[in-house]
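Q: Please walk me through the aromatic side chains in this model, and then give me a close look at one strand and its neighbours. I would like to follow it residue by residue at the bench.

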Amino acid sequence: MRWQLFEGDLERDFQRARNRARSRYFVPTALLGLLMFDAYVLVDLALAPQVLAFSLLLRLGVVTPLVLGGLVLRRRRLRAKPASGIDGPLVAAAAVLVVLAIAAIQYSAPAALGGAYFGGSFIVVVFFVTLLRSDVRRAAASLVAMLAAVAWGQALIGADAAATQVAALLAVAVSGMFGLVMAGSVESSERARFLAERRERALGAEREDLIAALDEAAHRDEMTGLLNRRGLQQRLPAEGTPVGVLVVDVDHFKAYNDAFGHLEGDRCLTLVAETLAAHSRPGDVVARFGGEEFAVLLEGADREDVLAAGERLCAAVRDLARPHPSRPDGGDVVTISVGVAVGTWESALAAADGAVYAAKSAGRDRVLAATR
């Protein structure tokens with residue numbers, strides 16, 4: 001049996017989980033033990049009728065109310081503090097209470113009941129140390145308290161010789177030690193199971209995060225962070241729903257790449273992508289179609305909306321004033337051409353694609369609407 005307490009929050013999480021699991025059997029087991037303790041009054045009736053009234057008073061008037069009160073206290077305490085260690089003190093107090101009650105009953109009629117009456121101590125020890133499955137430290141405290149109560153009870157009654165009393169006490173102690181070994185084994189298993197379940201949950205969360213990340217990566221353009229064509233397809237409205245579509249092309253981008261190199265070209269595309277996203281409406285969908293071409297999807301937009309959106313994006317990229325001295329048309333900054341159209345997705349996309357080529361042919365750095 002090898003185990004140790006966890007550190008910090010992990011130990012609190014374990015105690016919380018253990019209390020939650022233990023509550024499923026703790027109360028029923030405690031009530032069953034209480035019922036058996038009260039039913040033992042039949043032995044008093046058979047062996048020593050003269051102590052019956054006193055036995056009933058102790059069992060039903062003292063022990064039973066106190067144990068039930070302890071269970072109510074436990075419930076309230078665990079509601080307020082789920083990781084509370086209240087079970088240990090309650091078990092120890094109940095164990096001592098039961099042993100003292102047995103001693104008091106036997107003291108009232110030692111001749112009739114005899115020292116053998118304390119044989120019930122074995123049952124009490126096994127019940128409190130093992131069946132209630134208190135953790136090892138608190139089970140050990142319960143055992144020490146019960147052994148002290150048993151020793152006091154034996155000395156009080158004096159029904160057996162000293163050697164017999166010592167032998168009986170050692171027998172009770174040995175049975176309690178077996179119970180502690182079992183309690184330790186149970187706690188070790190519970191801690192190992194708790195860690196295994198926690199690791200499994202962590203691995204499950206990591207798997208879900210990884211799947212989500214892979215799914216996100218499959219639908220995102222790696223360089224710009226915008227949606228790619230596949231991601232855009234997933235954001236399309238229901239088939240047949242009219243949408244506004246903007247197709248955006250960076251003007252003379254090949255010349256920019258040739259002049260500044262591909263790394264600088266990637267930076268330029270990333271900057272344009274950020275600008276398109278920043279100057280689009282919150283509900284608009286911006287995607288990179290590939291190369292220097294982008295698309296913007298506007299739901300619930302009419303012709304005026306898409307034209308205004310195109311002009312806004314065109315001006316925003318122009319205002320970046322990104323130097324492009326190698327433009328063959330004499331310009332000196334990076335600009336875009338935009339084609340816009342309204343209709344169902346496929347038809348609007350085809351029309352906007354044609355419009356962007358018309359915008360490029362017309363001199364670039366402008367917005368043109370599809371004519372059909």
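A: Arg59 lies over the face of Phe37, 4.5 Å from the ring centre. Please keep in mind that this is a predicted model. A second arginine is placed in a similar way: Arg229 sits over the face of Phe289, and here the distance to the ring centre is 4.1 Å.

Now to rings that meet other rings. Searching the whole structure turns up five aromatic pairs. In one of them, Phe6 and Phe14 have ring centres 5.6 Å apart and planes at 85°, so this pair is edge-to-face; the cut-off for that label is an angle over 60 degrees. Both partners are buried: Phe6 has a relative accessible area of 16%, and Phe14 comes in at 2%. Another pair is formed by Tyr256 and Phe260, whose centres are 4.7 Å apart with planes at 45°, so the geometry is tilted. These two residues belong to helix H10 (residues 253-260), and because they are four residues apart, about one helical turn separates them. Their surroundings are worth a look too: Tyr256 counts as buried at 2% relative accessibility, whereas Phe260, at 37%, counts as partly exposed. Back at Phe6 and Phe14, ring pairs join these two with Phe194 into a cluster.

That brings us to the strand, S1, which covers residues 243-250. Eight of its eight residues are buried, so S1 is largely enclosed by the rest of the structure. In a regular strand, side chains alternate between the two faces of the sheet. In S1, Val243, Val245, Val247 and Asp249 point one way, while Gly244, Leu246, Val248 and Val250 point the other way. Residues on both sides are buried, and that includes Asp249.

What does S1 pair with? Strand S3 (residues 293-299) runs antiparallel to S1, and seven bridges join the two. To find your place along this pairing, start from Val247, whose bridge partner in S3 is Ala295. S1 also pairs with strand S4 (residues 336-343), again in the antiparallel sense, over eight bridges. A handy landmark here is Val243, which stands opposite Gly343 in S4. With Val247 facing Ala295 and Val243 facing Gly343, you have one reference point for each neighbouring strand as you trace the model on screen.

How values were computed: Residues numbered from 1 in each chain as written. Predicted model: local features only at pLDDT ≥ 70, side-chain atom pairs only at ≥ 80, totals over all residues. Heavy atoms only, no water. Buried < 20%, exposed > 50% of the residue type's maximum accessible area, 1.4 Å probe, protein only. Pairing = 2+ DSSP bridges. Phe/Tyr/Trp six-rings, centres within 6.5 Å; stacked < 30°, edge-to-face > 60°. Lys NZ or Arg CZ within 6 Å of the ring centre and 35° of its normal.
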